[in-house]
Amino acid sequence: TAGLPPPPPPPKRFSLDSFHSLNAARPATRRPVFSFAIVADVQYANKPDYVRSRGRVASYTAALRKLSSAVDEWNALAKYGRLAFAVSLGDVIDGRTDPHDSLRDILVVMDACSRLERPIYHVIGNH
């Protein structure tokens, strides 16, 4: 009809790479300037798992295995120039009442992070 603006163009299509990483989402026709990985709330602790409300399980030791798997995936991306850096958004340990246990836990997590072949930047969480 006369006087109406034309309809907006269709949205751009996005693609995900074979690693199923959201950081790889990009317009299908353009390469990203850079890509980075994000991890948050690792919540590692060297203590038994805990069943939380509604049956959810806090898998403290499994968190380290999952982090190591993520580092392996990021290193695969870095090998092909597809990862510039990673960011850890905090809360890498579950936190304990004994500061010595917390220190041991954080050293274990930092050791796992040190395997990353790109820089990793840490943001402080609340524990």
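## Charge pairs, rings and a parallel sheet

Let's start with one acidic residue: D72 has a relative accessible area of 44%, so it is partly exposed. The structure it belongs to is a predicted model. D72 pairs with R115 in a salt bridge whose closest N and O atoms are 3.0 Å apart. This pair links distant parts of the chain, with D72 in helix α1 (residues 62–79) and R115 in the loop between α2 and β7 (120–122), 43 residues apart. R115 also counts as partly exposed, at 37% relative accessibility.

### The overall layout

Before going further into the charges, a quick orientation helps. The protein has 2 helices and 7 strands. Read along the sequence, these elements follow the pattern β-β-β-β-β-α-β-α-β. The protein counts 127 residues, of which 29% are buried. Taking contacts between residues at least 6 apart in sequence, 65% of them join residues at least 24 apart.

### Which salt bridges does the structure hold?

A search of the whole structure finds 3 salt bridges. In general, side chains of opposite charge can pair when their charged atoms come close. Here they are, with their N to O distances:

| Salt bridge | Distance |
|---|---|
| K47 and D94 | 2.7 Å |
| D72 and R115 | 3.0 Å |
| D101 and R104 | 2.2 Å |

How is the D101 pair placed in the chain? D101 and R104 both lie in helix α2, 3 residues apart, which is about one turn of the helix.

### K47 and its surroundings

The salt bridge of K47 with D94, at 2.7 Å from N to O, joins two loops. K47 sits in the loop between β3 (36–39) and β4 (50–51), while D94 sits in the loop between β6 (85–88) and α2 (99–113), so the pair links distant parts of the chain, 47 residues apart. Are these two partners buried or exposed? D94 is buried, because its relative accessible area of 16% is under the 20% limit. K47 is partly exposed, because its 26% lies between that limit and the 50% above which a residue counts as exposed.

The contact is also listed as a polar contact of 2.7 Å between the side chains of K47 and D94. Which other residues does K47 touch? Leaving out residues up to four places away in sequence, K47 touches Y60, T61, D94, G95 and R96. Of these, Y60 is 13 residues from K47 in sequence, and the two C-alpha atoms are 6.7 Å apart in space.

### Three strands in one sheet

Strands of a sheet pair through backbone hydrogen bonds, either parallel or antiparallel. In this model, an open sheet of 3 strands has the order β3-β6-β7, with parallel pairing. β3 and β7 stand at the edges with a single partner strand each, so one side of each has no neighbour in the sheet. From one strand to the next, the twist averages 20°. The parallel strands β6 and β7 are joined by 3 bridges, and A86 stands opposite I120 in β7.

### Rings across the sheet

The aromatic side chains carry the story across these strands. There are 4 aromatic pairs in the whole structure. One of them joins F36 and F85: the ring centres are 5.1 Å apart and the planes are at 5°, so the pair is stacked. F36 lies in strand β3 and F85 in strand β6, so this pair ties together parts that are 49 residues apart in sequence. Both rings belong to partly exposed residues, F36 with a relative accessible area of 32% and F85 with 21%.

How are the rings of F85 and Y121 arranged? Their centres are 5.8 Å apart and their planes are at 70°, so this pair is edge-to-face. With F85 in strand β6 and Y121 in strand β7, the pair ties together parts that are 36 residues apart in sequence. Y121 is partly exposed, at 48% relative accessibility.

F36, F85 and Y121 form one aromatic cluster together with F34. F36, F85 and Y121 can be followed strand by strand: F36 in β3 and F85 in β6, then Y121 in β7, along the sheet order β3-β6-β7.

Terms used:
Residues numbered from 1 in each chain as written. Predicted model: local features only at pLDDT ≥ 70, side-chain atom pairs only at ≥ 80, totals over all residues. Heavy atoms only, no water. Salt bridge = Lys/Arg side-chain N within 4 Å of Asp/Glu carboxyl O. Helix = DSSP H or I, 4+ residues; strand = E, 2+ residues; numbered from the N terminus. Buried < 20%, exposed > 50% of the residue type's maximum accessible area, 1.4 Å probe, protein only. Contact = heavy atoms within 4.5 Å. Polar contact = N/O pair within 3.5 Å; in protein donor to acceptor, adjacent residues only side chain to side chain. Pairing = 2+ DSSP bridges. Axes fitted to C-alpha atoms, helices over the stretch in contact; angles between N-to-C directions. Phe/Tyr/Trp six-rings, centres within 6.5 Å; stacked < 30°, edge-to-face > 60°.
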